[in-house]
Protein chains: 2
Amino acid sequence: MIKDTWINFVHDLQDRICTALEKADGKAVFIEDAWERAEGGGGKTRIIANGNAIEKGGVNTSIVFGDVTDAMRTQLKIDGAKWFACGLSLVIHPLNPFVPTVHANYRMFELYNEHDEVIDRWFGGGTDLTPYYLFEEDAKHFHQTYKNACDTFDISFYPKFKATCDNYFVNFHRNNERRGIGGIFYDYQRPDENKDVDFWINFAKRCGDSFIEAYLPIVEKRKNAPYTDKNKHWQEIRRGRYVEFNLVHDRGTLFGLKTNGRIESILMSLPPTVRFEYNYQPEKGSEEDKLLQACLHPIDWLNLVTEEEKAEWARKSNSC
Amino acid sequence: MIKDTWINFVHDLQDRICTALEKADGKAVFIEDAWERAEGGGGKTRIIANGNAIEKGGVNTSIVFGDVTDAMRTQLKIDGAKWFACGLSLVIHPLNPFVPTVHANYRMFELYNEHDEVIDRWFGGGTDLTPYYLFEEDAKHFHQTYKNACDTFDISFYPKFKATCDNYFVNFHRNNERRGIGGIFYDYQRPDENKDVDFWINFAKRCGDSFIEAYLPIVEKRKNAPYTDKNKHWQEIRRGRYVEFNLVHDRGTLFGLKTNGRIESILMSLPPTVRFEYNYQPEKGSEEDKLLQACLHPIDWLNLVTEEEKAEWARKSNSC
């Protein structure tokens with residue numbers, strides 16, 4: 001029952017987001033690859049490429065389940081007899097370097113004992129932005145949209161989930177440089193007497209709905225902006241950092257690789273064209289450097305938190 | 001004393017290889033970045049880029065040491081009080097897709113107890129080839145050169161180290177597809193009464209010397225071959241697999257990240273331009289597919305092993 005509600009939400013969200021993205025692109029359409037997983041379950045991978053606005057992207061859903069394996073026990077610290085996971089995961093890599101890359105993921109995980117009874121259940125999700133050039137108005141619009149979504153449910157959510165996001169998408173091997181300018185991210189949220197299963201499903205729905213409102217206006221505003229080879233070069237350099245984060249640090253990618261996930265669906269997140277140059281450094285004070293600094297030192301875009309909360313963020317940022 | 005011998009060898013090899021590569025390139029020269037590591041030691045990173053033949057490459061040496069940390073104990077399974085490592089590591093990414101990428105690494109590791117006594121010492125190394133198109137004569141020449149080097153020391157080495165190489169550079173998440181067509185690789189070789197420290201240093205010297213003989217004639221033969229956009233596209237797709245192996249599976253990269261290594265020197269191995277396309281498959285029977293098949297099913301290039309040894313290789317290949 002809970003599973004069905006969640007599965008229906010995830011598939012409906014996939015449809016709505018694909019429709020909105022195709023409309024914004026105006027040329028490319030999604031191609032669907034439905035796949036099955038030998039150990040149980042499968043998914044619907046939807047890929048778009050070589051569009052007017054989108055160079056490469058995927059909006060995927062999957063419903064996967066199976067026995068808890070030794071690899072999951074030791075490497076993912078999951079304890080139980082069987083597991084179930086269902087979620088939506090999307091990554092959009094735009095062609096124009098002034099349009100940011102976006103990633104979103106909303107998922108539910110269940111764990112069962114040997115009698116198939118649910119012994120644990122948690123929700124996770126979030127949406128985060130990876131620009132190549134920093135437009136303050138875009139960053140504020142994106143964060144404000146998710147703050148509005150969060151505030152309807154719990155006013156503590158936005159500052160907390162914003163900090164979680166800033167502290168998760170981190171290239172720890174690059175002096176704690178963030179992948180982008182964040183958004184919100186929450187994980188291991190277990191229903192309790194105050195916030196039940198419906199609460200978390202409704203929260204994910206609201207966040208899912210907010211994707212179109214948060215991202216599409218930025219695409220519309222920037223997709224036709226003229227750009228130079230230098231701008232494209234910088235985008236490809238930054239895409240390299242995206243690859244580094246996803247392959248070295250991302251828990252979702254690791255989970256996919258350890259659970260014999262469908263590799264092409266997991267790695268659809270990688271950008272279309274990428275550059276790795278030795279010790280590339282943008283010129284101090286340039287537009288490229290401005291973006292880099294925002295990745296090194298996360299910004300409180302909405303300027304709404306107290307000094308106490310800021311100190312807490314700084315502490316968390318330094319501890320990662 | 002042993003350390004000095006090894007350090008001198010490594011630096012001399014670095015000089016000789018850089019000279020030979022510059023000569024083959026005919027345009028670009030190596031730039032040296034000397035660096036120090038806060039916890040102890042440092043290195044000489046030499047980078048070459050945008051040459052006639054070499055699009056990006058590095059020939060690095062490093063001498064690093066320090067206390068064994070908790071991360072090393074748990075994640076690298078290293079037990080002792082202090083450690084020392086010195087080695088040469090090189091990766092050359094050619095411009096022309098008909099010239100293969102090459103990687104080599106020769107290193108010595110020492111472990112000490114609290115009284116600074118050596119409690120363990122091992123040698124590791126190897127050289128392997130990652131072509132984008134398969135030329136049987138190149139593959140045979142490359143493997144034959146290392147077989148000749150190995151045979152001078154122990155005729156069991158080439159088949160053993162060839163198999164170790166085939167079973168190490170594997171994208172396990174890609175149906176055990178190899179990064180390339182191998183070469184030799186050995187690790188954790190500890191001196192004993194039969195093969196002492198000098199033996200392993202001399203073996204590394206011979207293998208190091210063989211690099212120029214094994215690789216440079218292939219560069220000379222192919223560097224001016226005409227190629228199409230399609231050839232370059234395929235090279236960039238395959239470079240994506242190189243990135244996947246290095247960031248997801250490579251122990252050397254992991255060691256560097258866990259020991260606070262110099263990140264730009266570690267990641268100099270990444271190719272200059274890379275493409276990731278969803279579910280890209282070369283046409284069956286094409287030249288691109290021929291290369292892919294050789295990566296999926298390692299070839300006994302020198303056709304010198306017995307049926308028994310072949311069965312052993314097949315067993316090892318299937319178990320990874």
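Which residues are buried in helix H9 (residues 287-296) of chain B? I shall come to that helix in a moment, after a word on conventions.

Good morning, colleagues. This is a predicted model, in which local features need pLDDT of at least 70 and side-chain atom pairs count only at pLDDT 80 or more, while totals for chains, interfaces and linings use all residues. Residues are numbered from 1 along each chain as its sequence is written, and chains are lettered from A and ligands numbered from 1 in the order in which they are written.

Let me return to the opening question. In H9(B), the buried residues are Glu288(B), Leu291(B), Leu292(B) and Cys295(B). Buried here refers to a residue with 20 or more other C-beta atoms within 10 Å of its own; exposed is 12 or fewer, partly exposed is in between, and C-beta atoms are placed from the backbone. Helices (H or I, at least four residues) and strands (E, at least two) are DSSP runs, numbered from the N terminus. Viewed down the axis of H9(B), its buried residues fall within an arc of 100°, so they line one face of the helix; the arc is that of the directions from the helix axis to the C-beta atoms. These buried residues pack against strand S8 (177-178) and helix H6 (229-249) of chain B, where contact requires C-beta atoms, placed from the backbone, within 7 Å.

I turn next to the sheet of chain B. It is an open sheet of seven strands in the order S1-S2-S3-S4-S5-S6-S9, with antiparallel pairing; two strands pair if DSSP finds at least two bridges between them. Strand S1 (31-36) and strand S9 (182-189) of chain B stand at the edges with a single partner strand each, so one side of each has no neighbour in the sheet. At one edge, S1(B) and strand S2 (residues 41-49) of chain B run antiparallel and are joined by six bridges, with Ala34(B) opposite Lys44(B). Helix H5 (residues 197-222) of chain B packs on the sheet, touching strand S4 (82-94), strand S5 (101-112), strand S6 (118-130) and S9 of chain B, and its direction makes about 15° with that of S6(B). For such angles, axes are lines fitted to C-alpha atoms, for helices over the stretch in contact, and values run from 0 to 180 degrees between N-to-C directions.

In chain A, let us look at strand S4 (residues 82-94), where 10 of 13 residues are buried. S4(A) pairs in the antiparallel sense with strand S3 (residues 54-67) of chain A over 13 bridges, and with strand S5 (residues 101-112) of chain A over 11 bridges. S4(A) and S5(A) form a hairpin with six residues between them.

How, finally, do the two chains meet? The contact takes 23 residues from chain A and 24 residues from chain B. On the side of chain A that touches chain B, H6(A) gives the most, with four residues. That side divides into 15 nonpolar, three polar and five charged residues; Ala, Val, Leu, Ile, Met, Phe, Trp, Tyr, Cys and Pro count as nonpolar, Asp, Glu, Lys and Arg as charged, and the others, Gly among them, as polar.

A turn of 180° and a shift of 0.0 Å along the axis lay chain A on chain B with an RMSD of 0.0 Å. The two copies are thus related as by a two-fold rotation axis. The superposition is by least squares on the C-alpha atoms of residues with pLDDT of at least 70 in both copies. Val274(A) comes closest to that axis among the residues of chain A, at 2.5 Å (C-alpha), and Val274(A) stands opposite Val274(B) in S10(B).

Terms used:
Two residues are in contact if their C-beta atoms, placed from the backbone, lie within 7 Å.
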